[in-house]
Amino acid sequence: MSSSSLKIFNSIEELARSTEESIILSMGMFDGVHCGHQKVLNHAIKVAGQEKSKAIAFTFPEHPASFLRPESAPSLLMDKNQKADFLIKSGMDGVVLRTFDKEFADIEARHFPAFLTARLPSLTGLCVGENFRFGKGRCGDQNFLKKMGKEVGLSVYVVSSKLFSNSPISSSRIREFLKIGKMREVNEMLGWDYIASGIAVRGKGLGKELGFPTINLVWNPEAKPAYGVYVGYFTDHKTEQTKFAVANYGMRPTVEKNAETPLLEVHILDELDSQIGSEGSQISMTLNYFLRPEKKFDSIEDLKSQISRDLKEAKELR
């Protein structure tokens, strides 16, 4: 099993049935696969290389809080498929996406390492971040994990947090910056440019009427960025073209009264190929800069004037 023949597993039992090779398990929620996560993952990959083992990421498709306290579960930065894809691209040999359920929630901390080794006999080590918590009520910490791991023959590797502005990088910090449009901070903590992606849809043609034709994407992630105007790079994955672009993300209050879902409306600033962003194309756009919040204008003319100013400011950021 290698990254080139990767399989996504729904349980550690399924992983165990697929290979007898020794396993280093890197455990965490990994929402956003940010710089702090990457530090943990890279250490697991390093150890696995030294021990001729396989580095596997163990995570959950939904946040455990969605099972334990659904009314206060955090919005996620990425869905399970995007997360698995990022974990693979980070160099992991495999990904276990185990649903967090009552069985898992009820495991006592002292039994947790034994729970893992009973189901994955080839497990030789665990790699976690310093704030990792486990077991019923999240009462187990890194020191207890080392102690219990030793009893069942597991090596435990604890990786220190990655800092940004003198505080540990976390998914919750990234969410807070994202919702106020602080994209420099978001992208620096992520270690990659935040991206919107999906299938291009046909718009109402209003942008073209105004002189600013757009490529449109219905995009409604759990953890939403601030509604407003962004600058970044648009890619059409069918034509493999990447273009400098400006986009409005939001509910379009000047031209729509009852919009139900947010829309990303992308206007290409580079020379436009007629084939780029055609309806049904797989498209994406990085959100590198936040120009301004979305607002309702008094008239279409006011909107046109603001768009012209947005384009001018966007071109200066290139």
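Q: Which strands does helix α4 (residues 80-89) lie across, and at what angle does α4 run to β4?
A: Helix α4 lies across β1, β3 (54-59) and β4 (94-97), and runs at about 150° to β4. That angle is taken between N-to-C directions on a scale from 0 to 180 degrees, with axes fitted to C-alpha atoms, for helices over the stretch in contact. Contact here means heavy atoms within 4.5 Å.

Q: What kind of model is this, and how are its residues numbered?
A: This is a predicted model in which local features need pLDDT of at least 70 and side-chain atom pairs count only at pLDDT 80 or more, while totals for chains, interfaces and linings use all residues. Residues are numbered from 1 along each chain as its sequence is written, and side-chain values use heavy atoms, with hydrogens and water left out.

Q: What makes a stretch a helix or a strand, and how many of each are there in the protein?
A: Helices are DSSP runs of H or I with at least four residues, and strands are runs of E with at least two, numbered from the N terminus. The protein has 11 helices and 15 strands.

Q: Why are Q142, L145, M148 and G149 in helix α7 said to line one face of the helix?
A: These four residues of α7 (residues 142-151) are buried, a word kept for under 20% relative accessible area, with over 50% called exposed and values in between partly exposed (1.4 Å probe, protein chains only). Seen down the axis of α7, the buried residues fall within an arc of 125°, so they line one face. The arc is that of the directions from the helix axis to the C-beta atoms. An α-helix has 3.6 residues a turn, so residues three or four places apart point the same way.

Q: Which residues sit on the face of α7 turned away from its buried side, and what does the buried side pack against?
A: N143, K147, K150 and E151 are the exposed residues carried by the face turned away. The buried residues of α7 pack against α6 (112-119), β5 (123-129) and β6 (155-159).

Q: What is found at the start of α7, and what follows α7?
A: At the start, a side-chain oxygen of D141 comes within 3.3 Å of the backbone nitrogen of N143. After α7 comes G153, with a positive phi near 80°.

Q: What makes β1 and β6 edge strands?
A: The open sheet has six strands in the order β1-β4-β3-β2-β5-β6, with parallel pairing. Each of β1 (8-9) and β6 pairs on one side only, and these are the edge strands. Two strands pair if DSSP finds at least two bridges between them; β5 and β6, which run parallel, are joined by five bridges. C127 stands opposite Y157 in β6.

Q: Why is the contact between E103 and R119 called a salt bridge?
A: The term asks for a side-chain nitrogen of Lys or Arg within 4 Å of a carboxyl oxygen of Asp or Glu. The side chains of E103 and R119 meet at 3.9 Å, N to O, so the pair qualifies. E103 belongs to helix α5 (residues 102-105) and R119 to helix α6, 16 residues apart. E103 counts as partly exposed at 42% relative accessibility, and R119 is also partly exposed, at 25%.

Q: Why does the pair of D270 and R318 tie together separate parts of the sequence?
A: D270 and R318 form a salt bridge, their closest N and O atoms being 2.5 Å apart. D270 lies in the loop between β13 and β14 (282-286) and R318 in the segment after α11 (300-316), so the pair ties together parts 48 residues apart. Salt bridges that share partners also join E13, R98, D101, E103 and R119 into one network. The structure holds 16 salt bridges.

Q: Why is V33 called buried, and S165 exposed?
A: V33 has a relative accessible area of 2%, so V33 is buried, while S165 has 55%, so S165 is exposed. V33 lies in the loop between β2 and α2 (35-50), and S165 in the loop between β7 (163-164) and β8 (167-168). Phi is positive in each of these non-glycine residues, near 40° for V33 and near 50° for S165. Most residues other than glycine have a negative phi.

Technical notes:
Polar contact = N/O pair within 3.5 Å; in protein donor to acceptor, adjacent residues only side chain to side chain.
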